[in-house]
Amino acid sequence: MKKIFRKIHLWLSVPFGLIITLICFSGAMLVFENEVMELTRHDLYYVKKVEAAPLPIEQLLEQVAATLPDSILVTGINISSDPERAYQVNLSKPRRASMYVDPYTGEVKGRYERSPFFMTMFRLHRWLLDSVKQDGSISWGKMIVGVSTLLFVFVLLSGLVIWWPRTKKALKNRLKITVDKGWRRFWYDSHVAAGMYAFLFLLAMAVTGLTWSFSWYRTGFYKVFGVEMQQGGSGHGAASQTGKEGGRENGRKEGRQRDGKPAFSPYAHWQQLYEQLAERNPGYKQISLSKGVAHVSFNALGNQRASDSYKFNPRTGEITEVTLYKDAGNASKIRGWIFSVHVGSWGGMFTRILTFIAALIGASLPLTGYYLWIKRSWRKKRKSNCSAMERA
């Protein structure tokens with residue numbers, strides 16, 4: 001049986017190993033993207049001096065809107081519980097665009113821009129640097145990443161079958177990396193022991209990552225948790241997000257002048273709503289406001305996208321509907337859990353560090369595997385040549 005799994009492990013690893021290395025390495029580079037960006041652009045994300053009280057949200061958003069061209073609209077704002085952090089103002093385009101503003105002075109600190117390095121790592125991780133197809137045609141880069149990730153699952157499982165020992169003593173020895181018995185032994189131990197240490201994290205990252213690659217897999221994955229996917233839905237909120245963006249743009253247009261008469265400001269009641277939500281949720285991590293909807297997230301372990309939702313009347317600021325995370329639908333919960341498990345944020349900084357290390361190990365496994373395969377092939381070839389010479 002193990003001989004069959006060895007062949008499966010080899011036949012899948014050799015053609016797809018380098019691609020798996022690129023996927024794992026780029027994923028590892030993205031784990032601490034936010035921390036690296038905040039370290040290198042501290043002036044953008046943090047304020048110089050904390051004053052007694054921030055300026056009203058309406059005033060801040062109007063100041064940001066005044067700096068934008070007519071084609072770009074303010075769609076919302078994210079406010080951290082940390083008084084030293086700048087407010088993040090969300091924009092209608094391009095996708096996920098935002099600007100940062102000092103809540104105490106009103107200074108527009110600048111626009112968020114993903115660094116070329118992290119953008120390259122993201123495109124490598126998702127599409128193997130292929131371009132995103134807006135017309136719905138096949139992205140071969142995305143397809144190759146998806147197929148390689150799927151085969152990586154079988155590589156991991158076959159590797160576990162091959163190297164899982166029969167006794168506890170053998171397991172203890174297999175989890176050691178020997179450094180004083182030559183390079184081949186060192187790389188063999190690194191391949192086997194490191195793979196076993198990182199197995200669960202790599203398997204979790206692979207099975208969750210596949211939900212972004214294949215719609216059939218995403219549908220089946222959700223069905224396991226009792227959620228039926230809507231026809232044509234992406235499973236990650238793409239359709240609903242488009243609807244939200246459209247509603248936000250319409251809301252901003254309502255605030256413009258009509259026939260020379262000033263219309264109401266769409267941000268008029270956001271300050272009072274923010275104060276009400278902050279008072280109601282003293283342990284909040286972030287409060288996000290947009291047209292008619294507010295979200296409150298918390299510093300809790302688990303689903304890092306979990307939040308309580310509040311619908312409100314934009315003209316009065318009155319809360320009209322409350323949906324606590326515990327009462328939310330399973331689909332949104334699963335989306336959040338998939339993301340949190342995939343990036344390792346579900347257990348806080350500790351699991352993110354482990355995820356980073358596991359992803360680097362995942363990138364090294366094909367390389368150490370190639371080394372062992374080449375060394376074994378050379379040894380077999382040398383043996384064959386020696387036997388041939390002896391017969392001659």
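## Where H1 meets H5

Let's start at a helix pair: Leu 22, Ile 23, Phe 25, Ser 26, Gly 27, Met 29 and Leu 30 of H1 are in contact with Phe 117, Phe 118, Met 121, Phe 122, Leu 124 and His 125 of H5. Sorted by class, this contact between H1 and H5 has 10 nonpolar residues, three polar ones and no charged ones. Please keep in mind that the model is predicted.

How do the two helices lie relative to each other? The axes of H1 and H5 come within 8 Å, crossing at roughly 140 degrees. An angle over 145 degrees would count as roughly antiparallel, so H1 is oblique to H5 at its roughly 140 degrees. The crossing of H1 past H5 is left-handed.

## Helix H2 and its buried face

H2 covers residues 33-40, and its buried residues are Glu 33, Met 37 and Glu 38. Viewed down the axis of H2, these buried residues fall within an arc of 125 degrees, so they line one face of the helix. A general point helps here: an α-helix has 3.6 residues a turn, so residues three or four places apart point the same way.

Which helices do the buried residues of H2 pack against? They pack against H1 (2-31), H3 (42-45) and H5 (116-127). H1 and H5, the pair whose axes come within 8 Å, are thus both met again among the partners of H2.

## Helix H9, buried and exposed sides

Further along the chain, H9 (residues 215-224) has Tyr 217, Arg 218, Phe 221 and Tyr 222 buried. Looking down the axis of H9, its buried residues fall within an arc of 130 degrees, so they too line one face of their helix.

What covers that buried side? The cover of the buried residues of H9 includes H8 (183-209) and H12 (330-343). Turned away from the buried side, the other face of H9 carries Trp 216 and Lys 223, which are exposed. Just after H9 comes Gly 226, with a positive phi of about 80 degrees.

## The protein as a whole

Stepping back, the protein has 13 helices and eight strands. Along the principal axes, its C-alpha atoms fill a box of roughly 105 × 45 × 40 Å.

The protein has 392 residues, and 42% of them count as buried. Taking the contacts between residues at least 6 apart in sequence, 58% join residues at least 24 apart.

Technical notes:
Residues are numbered from 1 along each chain as its sequence is written. This is a predicted model: local features need pLDDT of at least 70, side-chain atom pairs count only at pLDDT 80 or more; totals for chains, interfaces and linings use all residues. Side-chain values use heavy atoms; hydrogens and water are left out. Buried means under 20% relative accessible area, exposed over 50%, partly exposed in between (1.4 Å probe, protein chains only). Helices (H or I, at least four residues) and strands (E, at least two) are DSSP runs, numbered from the N terminus. The arc is that of the directions from the helix axis to the C-beta atoms. Contact means heavy atoms within 4.5 Å. Axes are lines fitted to C-alpha atoms, for helices over the stretch in contact, and angles run from 0 to 180 degrees between N-to-C directions. Angles under 35 degrees count as roughly parallel, over 145 as roughly antiparallel, 65 to 115 as roughly perpendicular and the rest as oblique. A crossing is left-handed if the near helix is turned anticlockwise from the far one by less than a right angle, and right-handed if clockwise. Ala, Val, Leu, Ile, Met, Phe, Trp, Tyr, Cys and Pro count as nonpolar, Asp, Glu, Lys and Arg as charged, and the others, Gly among them, as polar.
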